[in-house]
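Me: I should like a close look at a single part of this protein, namely the loop that holds its cis peptide bond. Please describe that part and then relate the surroundings to the rest of the chain.

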Amino acid sequence: MRKLAIAELKPGMKLAKTIYRNDDGRILLSAESELKEWHIQRLAEYSCESVVIYDSDIESEEELVLKPIKDETREKVVTLLKQSVKQIKSEGTFESQDLMEIVQRIVEYIIADSHVIYHVLAISNHDKYTYSHSVNVCVIAILIGIVMGYDRNSLEILGIGALLHDIGKIRITTRILNKAQQLEPCEYDMMKKHTLEGYELLKESIHISFLPAHVALQHHEREDGSGYPKGLIAKDIHQFAKIVAVADVFDAMTSDRVYKQAAPAYLAYQEMADQVGTKYQRTVLEALTKVICPYPKGSIWELSNGDRVMVTTVTRLECLAKSLDQPEQTKIYNLYRLCGVKVVAGIHEINIS
Ligand SMILES: [Fe+2]
């Protein structure tokens, strides 16, 4: 599959993913549709920025089963989140049952298929960022939780905490939330309060466990005490908050925002790996490698020793890439466990979403 801007579309291309309307979540154009000229014009009229089409050069059945959750589920979660936010604004609390049920469905779906790996989906529509980000963090956190061996009940609690980790932001003024420039110190102090606000909201609204409220409270705490709101150190931060912290930062780094472009997954991962022990827990970072897909099958990379390699196999445990420069020796690298060399650049990065 390949993500293309509307201007790049041509009649005859086949849609790989259903396109939904931004306002009410209804289907605009279904997956498998063959694009006609009027479809492309209609998409442009709806301010749709990009779509995913099939690309016969890189298509394979294997990639198709790696999607973290179905598009309909993603849209349903976003709709429920919007309803909850509306309810909180009018009533000060919200009914968490529907959200809990859909998180249970997501956990069930992911557990059922051990091949599910997270592919970064660059979110180009800024208005949708907050909701899409919450769903991404939920999915990544559940995947990490599975690798770390949590049971289904714990995964559901982790998932709802991850989905609602930033819910306190609804009590922060949008002027600060959407500010493109760096925040002033007093504005940053106000922004930090979304953790406390989220804690208060979830404490009142989710009765099955106090942990989602603690995830909201602690997801900006860091191993070395440099986080907020309390500057807790590693031993005092709940494990679920450490998982959501990693999922949150990874998704933020790999998403387009109004003030920055999305970083490729491998660069985001490398930057986070450099902060293991100071910001992030090693166990969680190791689990992240197994659930994201920084080096998709078919992509070509340059290593710090000068070798160019092409990825041939991707699973949660290994990412095998063969050298293109030494074909007669068929040198194979596992990009998850490189010794003495690192990936320095993407030469042909396949965008699978
Ligand atoms: Fe946050």
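Reply: In this predicted model, P229 is found in the loop that lies between helix α10 (211–218) and helix α11 (239–253). The peptide bond that joins Y228 to P229 is cis, with an omega of about 10°.

One may next follow the chain into the helix after this loop. V246, a residue numbered within the span of α11 (239–253), is one of the residues with the most contacts inside the largest nonpolar core. The others named with V246 are A141, I142 and I144, and the core as a whole has 67 residues. Helix α5 (residues 129–147) gives the most to this core, contributing 11 residues. Domain 2 (64–291) and domain 3 (300–348) both supply residues to the core, so it lies between them. In general, nonpolar side chains of soluble globular proteins tend to be buried together.

The contacts of V246 can be listed individually. Leaving aside residues up to four places away in sequence, V246 touches I144, M272, Y280, V284, L285 and L288. Apart from the core just described lies another, of 6 residues, which includes L15, L43, C48 and V51.

Beyond α11 comes a further loop, which leads to α12 (265–273) and in which S255 has its place. S255 counts as buried because 22 other C-beta atoms lie within 10 Å, and the cut-off for a buried residue is 20 or more. S255 is 123 residues from S132 in sequence, yet their C-alpha atoms are 9.9 Å apart in space.

This pair may be set beside the figures for the whole chain. Among contacts between residues at least 6 apart in sequence, 65% join residues at least 24 apart. Of the 353 residues of the protein chain, 34% count as buried. The secondary structure comprises 13 helices and 9 strands.

Domain 3 (300–348), one of the two domains that give residues to the largest core, also deserves a brief description. Strand β5 (residues 300–303) and strand β6 (residues 308–314) run antiparallel and are joined by 3 bridges. W301 has V309, in β6, as its bridge partner. The two strands form a hairpin with 4 residues between them, and G306 in the turn has a positive phi of about 95°.

To return to the part requested, the cis bond between Y228 and P229 belongs to the loop before α11, while S255 is found in the loop after that helix.

Key
Residues numbered from 1 in each chain as written. Predicted model: local features only at pLDDT ≥ 70, side-chain atom pairs only at ≥ 80, totals over all residues. Buried ≥ 20, exposed ≤ 12 C-beta atoms within 10 Å, placed from the backbone. Contact = placed C-beta atoms within 7 Å. Pairing = 2+ DSSP bridges. Core = buried A, V, L, I, M, F, W, Y, C linked by C-beta atoms within 7 Å. Domains from an automatic or database assignment.
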